[in-house]
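Below is a short briefing on a two-chain model. Keep the sequence and the coordinates open while reading.

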Amino acid sequence: MYHESIIELNGISVRKAKGLLLGGISLNVSRNEFVGIIGPNGAGKTTLLNVIAGLERFEGTLGLFGRRESWRRSRDTRVRIGYVPQLFQIDPAFPILASEAVMTGAIGRLGLFRSPGRQEKEDAMRLMDMMRLTHLAERPLGLLSGGERQKVSLARAILQQPDILLMDEPTANLDIAVQKEVLNLIDEIHKQEALTFLFVTHDFNMLPSAMRRAVLLDHGKKVFDGDINTALSGDRLSRLFRYPLETFERNGRRFVSYG
Amino acid sequence: MAEHLLEALTYPPIQRAAIACVLCGASCSLLSVFVVLMKMPLIGVSMSHAAFAGAVLGLLFDFNPFLSGFILCLLVAGVLGPLSDRTDMSPENMLGIMFSFLMGLAFLGMGILTRTKAGALNLMWGSLLSLSGSDIWILTIITSLLVLFVFLFFKEIRSVMFNRRLAAASGVPERMIYYALLFLTGAVVSSNLATVGGLLIFALLVQPGATALQLTYNLEHFFLISAASGIGACVSGLVVSYIFDLPSGASVVLMATTIFAVAYTFSPKRRSAILKGRNKFYENDAR
């Protein structure tokens, strides 16, 4: 296993009309790490992912794969970073099938004037099989359930063959059983593919088991960075979320009781 | 009656009107796929008013109205493009302001225009029967550019339509596609001032795409159905206007609305969605 940093943030700030969204974040992530980004609403979690994904202008220095990058960057760098967004609305009548939506993950990697070939189609089928989506491949995306659409998003991001996978609350607004299913798939992907994961969430009890490290954000600042079980302490979380929270342990894992 | 129509087709102005009808239907309806699927009808309105205002100003200063319309479209695109990249303000208000400003500009131009106002009025609702050869050439070139754009970048277009941010993050040249689209919108809208005019063109920028939305989940078919319904509306509108001696632009728009209404009524998508919803309801009930 490598321990080389593939994401290096140094004093990253994002300023918008409504104020400072990120105020000088520094963070190093090594290859194959699985890092949780946790914090209340408005802590800057999504902004942090957007900076890494190249969707947001920022101040400070950002290193990716050992090279300094700005928000404008080459296609090669973008292709190496996958993004799984929060469940988003789609018009049920929108003309795209589930398999076509998965295939959009390969478009940037293929580049202009090259159509998906047999390899891409096989990869897409394999991923849809892994996500248990094969029977839905020819269904219009807009007619799928939220959980099914999130699995399509996951398959789409992996078809891109990224080195880093950014996930922005991928299980938000899903039923508990579906959340668990998506989390298990994420763990499975972590086992199978040599990927570095950043996982944004504010739900402490729905964490992928592969997540060993947590970064806590508050008002655009990093307030903790370390082992997930240390992060999940009642005092720390109560301060962070301004609400009394208690934690308990079960099967070697910490959980949070909302009281 | 058919003989009558065929005989009419031997006159060059009628021939030009027929060709322009097909080109206008094709260009507007291909564009309408983007307008409908990328939810940018307000951008369509603003651009068509920019073309209209630009052309009126062109008339005022003895400048080619197509070019001045196109230039104003590009200026508006230059403002709208970066605006849509910003996440911290809603573009709708800005579009509303832009739209009314352009309308004001156009009417100001018409007020100052001392010569006959017929030219300006033609820009509003088109004048299919007084098209020149160069009008046809401009339309042909712009329609071909649009067709080429859709063919060459089909997979990028699908990906950008699906989700612009995801496309950008995954290395698809989303900005290139988006700006090319704004550029083509300006070109299509300003070249069609002469055919359907700046006010009625909006119907052709929405209705063909909205018609296709009722009928298919396949994006290739979507473009084809949209084109067919746009060309159908233009040609049948022209025929109706010729036979009953009605204004051509109005006939075209009303035909487009009729086609949409038929598609909506018989939409297999809408029906299956309704049925599906009902099934889901029963499934949940059973649990």
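B:Phe66 counts as buried, because 22 C-beta neighbours sit inside 10 Å and the cut-off for buried is 20 or more. This is a predicted model. The predictor gives the complex an ipTM of 0.91 and a pTM of 0.90.

**Around B:Phe66**

- B:Phe66 belongs to helix H4 of chain B, residues 65-85.
- Setting aside neighbours within four places in sequence, B:Phe66 contacts B:Ile138, B:Ser190 and B:Ser191.
- B:Ile138 is 72 residues away from B:Phe66 along the chain, yet their C-alpha atoms are separated by 9.2 Å.

**Helix H10 of chain B**

- Helix H10 of chain B runs over residues 174-191.
- H10(B) has 18 residues and reaches 26 Å from first C-alpha to last, close to the 26 Å expected at 1.5 Å a residue.
- H10(B) is mostly covered, with 13 of its 18 residues buried.

**Confidence in chain B**

- Chain B has a mean pLDDT of 86, and 91% of its residues reach 70 or more.
- Among the elements of chain B, helix H8 (residues 154-162) has the highest mean pLDDT, 96, and helix H14 (residues 268-286) the lowest, 54.
- The pLDDT is below 50 over residues 278-287 of chain B. Beyond near neighbours in sequence, that stretch has zero contacts in the model.
- Where pLDDT is low, predicted coordinates should not be read in detail.

**Contact between the chains**

- Chain B gives 23 residues to the contact and chain A gives 29 residues.
- On the side of chain B that touches chain A, the elements giving two or more residues are H8, helix H9 (164-169), helix H12 (219-244) and H14 of chain B.
- H8(B) supplies the largest share of that side, five residues.
- By class, the side of chain B that touches chain A has 11 nonpolar, five polar and seven charged residues.

**Domains of chain A**

- The domain assignment splits chain A into domain 1 (5-80 + 163-257) and domain 2 (92-161).
- The C-alpha centres of domain 1 of chain A and domain 2 of chain A lie 25 Å apart.
- Their contact takes 14 residues from domain 1 of chain A and 11 residues from domain 2 of chain A.
- On the side of domain 1 of chain A that touches domain 2 of chain A, helix H2 (75-79) and helix H6 (176-192) of chain A are the elements that give two or more residues.
- H6(A) gives the most to that side, with five residues.
- By class, the side of domain 1 of chain A that touches domain 2 of chain A has eight nonpolar, one polar and five charged residues.

**Helix H6 of chain A**

- H6(A) has 17 residues and reaches 24 Å from its first C-alpha to its last, close to the 24 Å expected at 1.5 Å a residue.
- The buried residues in H6(A) are A:Val182, A:Leu183, A:Leu185, A:Ile186, A:Ile189 and A:His190.
- These buried residues lie on the same side of H6(A), because they cover an arc of only 155 degrees around the axis.
- An α-helix has 3.6 residues a turn, so residues three or four places apart point the same way.
- A:Ile176, A:Ala177, A:Asn184, A:Lys191 and A:Gln192 are exposed on the other side of H6(A).
- Cover for the buried residues of H6(A) includes strand S3 (34-38), helix H5 (146-159) and strand S8 (196-201) of chain A.

**Helix H5 of chain A**

- H5(A) has 14 residues, which should span 20 Å at 1.5 Å a residue; its end C-alpha atoms are 20 Å apart, which agrees.
- H5(A) is largely enclosed by the rest of the structure, because 11 of its 14 residues are buried.
- The buried residues of H5(A) include A:Arg149, A:Lys151 and A:Arg156.
- Those buried residues pack against strand S6 (81-84), helix H3 (98-110), H4, strand S7 (164-168) and H6 of chain A.
- A:Gln161, just after H5(A), takes a positive phi of about 55 degrees.

**Positive phi in loops of chain A**

- A:Asn32 has phi near 70 degrees, a positive value in a residue other than glycine.
- A:Asn32 is placed in the loop between strand S2 (19-30) and S3 of chain A.
- A:Asn32 counts as partly exposed because it has 18 C-beta neighbours inside 10 Å.
- A:Arg132 is not a glycine either, but has a positive phi of about 55 degrees.
- A:Arg132 lies in the loop between helix H4 (118-130) and H5 of chain A.
- With 12 C-beta neighbours inside 10 Å, A:Arg132 counts as exposed.

How values were computed
Residues numbered from 1 in each chain as written. Chains lettered and ligands numbered in written order. Predicted model: local features only at pLDDT ≥ 70, side-chain atom pairs only at ≥ 80, totals over all residues. pLDDT = per-residue confidence, 0-100. Helix = DSSP H or I, 4+ residues; strand = E, 2+ residues; numbered from the N terminus. Contact = placed C-beta atoms within 7 Å. Nonpolar A, V, L, I, M, F, W, Y, C, P; charged D, E, K, R; others polar. Domains from an automatic or database assignment. Expected span 1.5 Å × (residues − 1). Arc of directions from axis to C-beta.
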